[in-house]
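Work through the exercises below with the model open. Try each task before reading its solution.

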Amino acid sequence: MKLDADLQSIQEVRNALEAAKKAQAALEELSQREVDEIVREMAEAAAKESLRLAELAVEETGYGKVADKQRKNLFAAQDVYAAIKDMPTVGVIRRDDEKKVWEIAQPVGIVAGIIPSTNPTSTTIFKSLIAVKARNAIVFSPHPAAARCTREAANVVAAAAERAGAPRGLIHCITQQALAATQELMSHKWTDVI
């Protein structure tokens with residue numbers, strides 16, 4: 001019996017969202033130091049793999065030059081990381097005692113990351129970093145012409161996050177390319193922001 005590809009892709013999204021929901025709840029309980037260590041490890045792994053990911057992106061999509069793609073990967077892994085690394089994202093992040101206002105960081109939940117074919121690996125890197133820094137899970141839907149390199153970039157940062165203590169399932173990338181999958185990801189009740 002042949003299974004319906006659209007239905008399989010929808011189920012994959014639902015499975016990814018279920019895992020992401022559990023992982024995000026666990027991530028939400030971590031300290032600022034723990035979150036920062038996870039994000040640092042992710043950035044370092046992405047920088048280390050920047051050339052390989054650039055080569056994959058150019059090979060798969062046919063867009064751009066490897067050197068330019070590597071620079072974009074390094075920008076995401078190093079410059080974006082440098083811009084966010086010291087930002088507080090856990091607990092009280094700002095206090096104004098005069099106005100009696102406290103700002104408390106609260107994660108959104110699950111992010112749907114829609115990835116283009118033009119800069120798939122650098123986009124996956126920076127979206128992963130900012131999502132996890134803010135204690136969110138992320139599920140990627142790659143452009144069909146950039147599915148393999150997007151998955152590999154997501155795998156690189158996900159593995160680094162887990163090595164640093166992140167809960168398993170925090171970063172996902174859809175493997176079955178179907179419009180139905182992307183639509184399910186964007187419209188599912190557990191997707192909190194696109």
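## Exercise 1: Helix 6 and its cover

Task: List the buried residues of helix 6, then find what covers them.

Solution. Start with the buried set: Ala 147, Cys 149, Thr 150, Ala 153, Ala 154, Val 156, Val 157, Ala 158, Ala 160 and Ala 161. The model is a predicted one. Buried here means under 20% relative accessible area.

Next, look for the cover. It includes helix 2 (32-48), helix 3 (50-61) and helix 5 (120-133). Strand 3 (110-115), strand 4 (137-142) and strand 5 (171-173) are also among the covering elements.

Now check the geometry. Helix 6 spans residues 147-163, 17 residues in total. From first to last C-alpha it reaches 24 Å, close to the 24 Å expected at 1.5 Å a residue.

Finish at the end of the helix. Just after helix 6, Gly 165 has a positive phi of about 110 degrees.

## Exercise 2: The fold as a whole

Task: Give the order of the elements, and compare the radius of gyration with that of a compact globule.

Solution. Count first: the protein has seven helices and five strands. From the N terminus, their order is α-α-α-α-β-β-β-α-β-α-β-α.

Then take the size. A compact globule of 194 residues would have a radius of gyration near 16 Å; the protein has 17 Å, which agrees. Along the principal axes, the C-alpha atoms fill a box of roughly 65 × 40 × 30 Å.

Turn to burial and contacts. Of the 194 residues, 46% count as buried. Take the contacts between residues at least 6 apart in sequence: 80% of these join residues at least 24 apart.

End with the surface and the charges. About 10000 Å² is exposed, and carbon and sulfur atoms supply 53% of it. The 25 positive and 26 negative charges have mean positions 1 Å apart.

## Exercise 3: Helix 1 and its partners

Task: Find the elements that the buried residues of helix 1 pack against, then follow Ala 180 back to helix 1.

Solution. Helix 1 has 23 residues. Its end C-alpha atoms lie 32 Å apart, close to the 33 Å expected at 1.5 Å a residue. Ser 9, Ile 10, Glu 12, Val 13, Ala 16, Leu 17, Ala 20, Ala 23, Gln 24 and Leu 27 are buried in helix 1. These buried residues pack against helix 2, strand 3, helix 5, strand 4, strand 5 and helix 7.

Now zoom in on helix 7. Ala 180 lies in this helix (residues 179-187). Ala 180 is buried, as its relative accessible area is 14%. Residues up to four places away in sequence aside, Ala 180 touches Asp 6, Ser 9 and Ile 10. Along the chain, Ala 180 and Ile 10 are 170 residues apart, yet their C-alpha atoms are separated by 6.4 Å.

Compare Lys 22, also in helix 1 (residues 5-27). Lys 22 counts as exposed, at 58% relative accessibility. The C-alpha atoms of Lys 22 and Ala 137 are 9.2 Å apart, with their places 115 residues apart in sequence.

## Exercise 4: Ala 45 in helix 2

Task: Which residues does Ala 45 contact, leaving aside its neighbours within four places in sequence?

Solution. Place Ala 45 first: it is found in helix 2. At a relative accessible area of 12%, Ala 45 is buried. Its contacts are Val 156, Ala 160 and Arg 163. Val 156 and Ala 160 are among the buried residues of helix 6.

Then widen the view. The buried residues of helix 2 pack against helix 1, helix 3, helix 4 (66-84), helix 5, helix 6 and strand 5.

## Exercise 5: Two positive phi values

Task: Lys 100 and Arg 135: is each buried or exposed?

Solution. Recall the background: most residues other than glycine have a negative phi.

Take Lys 100. Its phi is positive, near 60 degrees. Lys 100 sits in the loop between strand 1 (92-96) and strand 2 (101-104). At 74% relative accessibility, Lys 100 counts as exposed.

Take Arg 135. Its phi is positive too, about 65 degrees. Arg 135 sits in the loop between helix 5 and strand 4. At 5% relative accessibility, Arg 135 counts as buried.

Note on methods
Residues are numbered from 1 along each chain as its sequence is written. This is a predicted model: local features need pLDDT of at least 70, side-chain atom pairs count only at pLDDT 80 or more; totals for chains, interfaces and linings use all residues. Side-chain values use heavy atoms; hydrogens and water are left out. Helices (H or I, at least four residues) and strands (E, at least two) are DSSP runs, numbered from the N terminus. The radius of gyration is taken over C-alpha atoms; the globule rule is 2.2 Å times the number of residues to the power 0.38. Buried means under 20% relative accessible area, exposed over 50%, partly exposed in between (1.4 Å probe, protein chains only). Contact means heavy atoms within 4.5 Å. Accessible areas come from the Shrake-Rupley method with a 1.4 Å probe; for residues, only the protein chains shown count as cover. Lys and Arg count as positive and Asp and Glu as negative; His and the chain ends are not counted. The place of a charge is taken as NZ of Lys, CZ of Arg, CG of Asp or CD of Glu. The expected span of a helix is 1.5 Å times one less than its number of residues.
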